[in-house]
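The following report describes a protein model for a reader who is new to structural analysis. It considers the fold of one chain, then two of its helices, and finally the way the chains meet.

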Number of protein chains: 2
Amino acid sequence: MAYKRFRYVKPEIRVLGIDDGVFAPHTKGTVDVIGVVYRGSRLLEGVMRTEIQIDGTDATEKIISMIKGSPHYKQLRVILLNGVTLGGFNVVDIQTLFERLKLPIIAVTREKPDLEDVRKALINLPGFEDRWKKMGNAGEIIELSMREGKVTYMQIAGISREDAERIVKSTSTRSNIPEALRVAHIIASGLSKME
Amino acid sequence: MAYKRFRYVKPEIRVLGIDDGVFAPHTKGTVDVIGVVYRGSRLLEGVMRTEIQIDGTDATEKIISMIKGSPHYKQLRVILLNGVTLGGFNVVDIQTLFERLKLPIIAVTREKPDLEDVRKALINLPGFEDRWKKMGNAGEIIELSMREGKVTYMQIAGISREDAERIVKSTSTRSNIPEALRVAHIIASGLSKME
């Protein structure tokens, strides 16, 4: 499927930032996944939630259902993910997200993903081949130079590298990750701690 | 107890905005109450959650426990509430909140509270006298003139009218209620809808 192209990245572009809650190590069960709608980096406009299995394989489908079921879906221009593994090693297939949602996907992390470490963890889980294929679908790990000498990493689907870089930078006004992801992390972990 | 006085309201003052989730009419059970920490009107710094009984009498105690148990408690300067009734008619005693938390309390609403309507609803619930006393503890309903001819109402505890007015106005940059309350409403209702 063709890329989504951006002639001009509006400062007020509507993005969805997605992150997962925290859970005790070696827990079974589900964890919250929170989506936060931001207009650019300034205005929080909406919040959505779903649940995924810890170390499961349902993250891609649950995220698609959450977004398609949201009243904000038609306004969204880009989906931002805090990395491609949520709920432990529940791998998100960003190519499938792009094809099913018809929206560009940018997975952003502060730390460079260590694929060898991920591979070692996945090999002990059921369905290794399929999980590893999803990891591969996330494509090249691209390094971005942010303000104050900071570095951020991204993997992309359905968008050019240049457009993705402009969107990550224009929505990261208060830290070296987009505000929608910073706030999704605060909400998801804030809710988890109280349970 | 003496008022908290503010010589100068910093634009970056740390406030907590509290709102409740939505629930179907005539439901029993509990509803989420969400607290959002904002620095002024611009930076979301934290999220906390508790649960209260729909039409119950535990809102005051639950809010006190939520705030005292939060790592943000010592940074907070003011508590903002979306009105004094949460979870239906679970009345928050803002004088008790002030005395126990040692923080000024400002209950803000877009619509003028109709005390006669509230009284008619409360009279059908157990513990009417105590609920009505809490309503009385919220004090005078003060009208504030906001931008663009809009009006907002507040009831206060532990703070002068002038300081409360300055804080409500300085933290309401994007609507006629403080940003922390606008966002607490979005989070609380966004989470409720997905359940």
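In chain A of this predicted model, 68% of the contacts between residues at least 6 apart in sequence join residues at least 24 apart. The chain contains 6 helices and 9 strands. Its C-alpha trace spans about 45 × 35 × 35 Å along the principal axes. A compact globule of 195 residues would have a radius of gyration near 16 Å, and the 16 Å of chain A therefore agrees with that expectation. Of the 195 residues in chain A, 45% are buried.

Two helices of chain A show how buried residues can be arranged around a helix axis. The table sets them side by side.

| Helix of chain A | Residues | Buried residues | Arc of buried residues |
|---|---|---|---|
| Helix 1 | 59–68 | A:Ala59, A:Thr60, A:Lys62, A:Ile63, A:Met66, A:Ile67 | 170° |
| Helix 5 | 161–170 | A:Asp163, A:Ala164, A:Ile167, A:Val168 | 130° |

An α-helix has 3.6 residues a turn, so residues three or four places apart point the same way. In helix 1 of chain A, the buried residues include A:Ile63 and A:Ile67. Because the buried residues cover an arc of only 170° around the axis, they lie on the same side of helix 1 of chain A. Among the elements that cover them are strand 1 (14–20), strand 2 (30–39), strand 3 (43–53) and helix 2 (94–101) of chain A.

Helix 5 of chain A has buried residues that include A:Ala164 and A:Val168. These buried residues fall within an arc of 130° when seen down the axis, so they line one face of the helix. The face turned away from this buried side carries the exposed residues A:Arg161 and A:Glu162. The cover over the buried residues of helix 5 of chain A includes strand 4 (78–82), strand 7 (105–109), strand 8 (142–145) and strand 9 (151–157) of chain A.

Helix 2 of chain A, part of the cover over helix 1, contains A:Phe98. Is this residue buried or exposed? A:Phe98 has 21 C-beta neighbours inside 10 Å and therefore counts as buried, since the threshold for a buried residue is 20 or more. A:Phe98 and A:Gly69 are 29 residues apart along the chain, and their C-alpha atoms are separated by 16 Å.

The largest nonpolar core has 100 residues. Those that touch the most other members are A:Val36, A:Leu80, A:Ile105, A:Ile106, B:Val36, B:Leu80 and B:Ile106. Beyond its neighbours within four places in sequence, B:Val36 is in contact with residues including B:Leu16, B:Leu44, B:Val47, B:Ala180 and B:Ile187.

How is chain B placed relative to chain A? A turn of 180° with a shift of 0.0 Å along the axis lays chain B on chain A with an RMSD of 0.0 Å. The two copies are thus related as by a two-fold rotation axis. In chain B, the C-alpha nearest this axis belongs to B:Arg42, at 3.8 Å.

At the interface, 14 residues of chain B are in contact with 14 residues of chain A. Strand 3 (43–53) and helix 6 (179–193) of chain B are the elements that give two or more residues to the side of chain B that touches chain A. The largest share, 7 residues, comes from strand 3 of chain B. The residues on this side divide into 9 nonpolar, 3 polar and 2 charged. Since 100% of the interface residues of chain B are also interface residues in chain A, the copies meet through the same surface.

Conventions:
Residues are numbered from 1 along each chain as its sequence is written. Chains are lettered from A and ligands numbered from 1 in the order in which they are written. This is a predicted model: local features need pLDDT of at least 70, side-chain atom pairs count only at pLDDT 80 or more; totals for chains, interfaces and linings use all residues. A residue is buried if 20 or more other C-beta atoms lie within 10 Å of its own, exposed if 12 or fewer, and partly exposed in between; C-beta atoms are placed from the backbone. Helices (H or I, at least four residues) and strands (E, at least two) are DSSP runs, numbered from the N terminus. The arc is that of the directions from the helix axis to the C-beta atoms. Two residues are in contact if their C-beta atoms, placed from the backbone, lie within 7 Å. Copies are superposed by least squares on the C-alpha atoms of residues with pLDDT of at least 70 in both. A nonpolar core is a set of buried Ala, Val, Leu, Ile, Met, Phe, Trp, Tyr and Cys residues joined through C-beta atoms within 7 Å. Ala, Val, Leu, Ile, Met, Phe, Trp, Tyr, Cys and Pro count as nonpolar, Asp, Glu, Lys and Arg as charged, and the others, Gly among them, as polar. The radius of gyration is taken over C-alpha atoms; the globule rule is 2.2 Å times the number of residues to the power 0.38.
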